[in-house]
Amino acid sequence: MRPLFVINPISGKGRRSKIVSLLEQRGFDYVLTSAPGYAERIAATTDADVVVAVGGDGTVNEVARGLLGPVANGNAIPRPGKVLGIIPCGSGDGLARCLGISRYTEKALDTVLNGVVQPLDVGLVNGRPFFSVCGVGLDAEVSKEFAQAGRRGVVTYLEKAVDVWKKYKPERLTIEIDGRRWTQDAVLVTVANSNQWGNDAKVAPYADCSDGVLDITVLDRFSSLELPDLAIRLMAGHCDSSSKVHCYKGNHIVISREKAGMAHFDGEWFEADKILDISILPSALKVFVPKG
């Protein structure tokens, strides 16, 4: 096995030199990304059997997209024999945390070299692959503000979340899960392959990256006084214990809103149509996870 490490030089700035030094000491091949889409192109064309994303959820998304191959009509043909590896060094690292991959570089590297291969489901939102979470509502707005902040980290994310919440108005959404449909005001709808946004904020506490279904979390309208309680439940891993939170499972999810607007997937925001059509490709990729 000869892995190729694809490193996002912006992620984990304080750790980048250490990671590069470690790889050079062990004689591993690596490339530094230089622009959006570069990691995807490398993963799609390399001869390496294992391609390791070194960065946050956005870098993981790019590398995994390259291994997945083109998506057409809700289907993809993954590149045969290819396995995804992850060395997390982003702001949230939601997928890596869900898979049990350590944020300590040496331990994450050991997972790539000595771990076990596990199937990885892939979600599609309007044809775009995602591997951790996607959704609409408050978290999409926060993703945009966070991306434009010029600073990373948990503190910045929380600051932006509070700023957005102060002026946020819940949307009227029609939600359909495997044919069951209803309309409601919702603060957010998260469709999850992994169990969290990142930083162990488990928005979908029962999600499993290889169970062949997506988890859906709907957050009802709530008051500012209820925010601390919701945050505590979220970080404790049982947000569903709140009467404001509803969790579902499904394979085909359609979210309709009154007008086009922001959405997000794997930590990146994008402008989306009024309708988000979300589906799953079960076991579409393979990924290294720790033994046990």
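**Figure 1. Ala72, at 47% relative accessibility, counts as partly exposed.** The model shown in this and the following views is predicted. Ala72 belongs to strand S4, which comprises residues 71-72. The value of 47% lies between the limits of 20% and 50%, and therefore Ala72 is classed neither as buried nor as exposed. The view also includes Gly127, which is 55 residues away from Ala72 in sequence. In space, the C-alpha atoms of Ala72 and Gly127 are 7.6 Å apart.

**Figure 2. The whole protein chain provides the setting for the close-up views.** The secondary structure of the chain consists of eight helices and 17 strands. Its C-alpha trace extends about 55 × 40 × 35 Å along the principal axes. A compact globule of 292 residues would have a radius of gyration near 19 Å, and the 18 Å of the protein chain agrees with this expectation. Of the 292 residues, 51% count as buried. Among contacts between residues at least 6 apart in sequence, 71% join residues at least 24 apart. The accessible surface comes to about 13,300 Å², and carbon and sulfur atoms account for 52% of that area. The chain carries 34 positive and 34 negative side chains, and the centres of these two sets lie 4 Å apart.

**Figure 3. Helix H3 covers residues 57-68.** The distance from the first C-alpha of H3 to the last is 16 Å, close to the 16 Å expected for its 12 residues at 1.5 Å a residue. Is H3 largely enclosed by the rest of the structure, or largely open? Helix H3 is largely enclosed, because 10 of its 12 residues are buried. The buried residues include Val60, Val63, Leu67 and Leu68. Asp57, Asn61 and Glu62 also appear among the buried residues of H3. In general, an α-helix has 3.6 residues a turn, so residues three or four places apart point the same way. Beyond the end of H3 comes Gly69, with a positive phi near 90°.

**Figure 4. Ser11 lies in the loop between strand S1 and helix H1.** Strand S1 covers residues 4-7 and helix H1 covers residues 13-26. Ser11 has a relative accessible area of 14%, which is under 20%, and so this residue is buried. Which residues does Ser11 touch, not counting those up to four places away in sequence? They are Gly55, Gly56, Thr59 and Cys89. Of these contact partners, Thr59 is listed among the buried residues of H3. By contrast with these contacts, Ile278 is 28 Å from Ser11, C-alpha to C-alpha, and 267 residues away in sequence.

**Figure 5. Thr33 occupies the loop between strand S2 and helix H2.** The loop joins S2, at residues 29-32, to H2, at residues 38-45. With a relative accessibility of 15%, Thr33 counts as buried. When residues up to four places away in sequence are left aside, Thr33 touches Val6, Ile7, Asn8, Pro9, Tyr38 and Ala39.

**Figure 6. Glu106 is part of helix H5, residues 105-114.** Glu106 has 38% relative accessibility and so counts as partly exposed. Its contacts, apart from residues up to four places away in sequence, are with Lys18 and Leu22. The C-alpha atoms of Glu106 and Ala192 are separated by 28 Å, and the two residues are 86 apart along the chain.

**Figure 7. Asp266 has a positive phi of about 50° although it is not a glycine.** This residue lies in the loop between strand S15, at 261-265, and strand S16, at 268-272. Is Asp266 buried or exposed? Asp266 counts as buried, because its relative accessibility is 3%.

**Figure 8. Ser283 is a residue other than glycine with a positive phi, near 50°.** Ser283 is placed in strand S17, which covers residues 275-289. Its relative accessibility of 44% means that Ser283 counts as partly exposed, whereas Asp266 in the preceding figure counts as buried.

Conventions
Residues are numbered from 1 along each chain as its sequence is written. This is a predicted model: local features need pLDDT of at least 70, side-chain atom pairs count only at pLDDT 80 or more; totals for chains, interfaces and linings use all residues. Side-chain values use heavy atoms; hydrogens and water are left out. Helices (H or I, at least four residues) and strands (E, at least two) are DSSP runs, numbered from the N terminus. The radius of gyration is taken over C-alpha atoms; the globule rule is 2.2 Å times the number of residues to the power 0.38. Buried means under 20% relative accessible area, exposed over 50%, partly exposed in between (1.4 Å probe, protein chains only). Contact means heavy atoms within 4.5 Å. Accessible areas come from the Shrake-Rupley method with a 1.4 Å probe; for residues, only the protein chains shown count as cover. Lys and Arg count as positive and Asp and Glu as negative; His and the chain ends are not counted. The place of a charge is taken as NZ of Lys, CZ of Arg, CG of Asp or CD of Glu. The expected span of a helix is 1.5 Å times one less than its number of residues.
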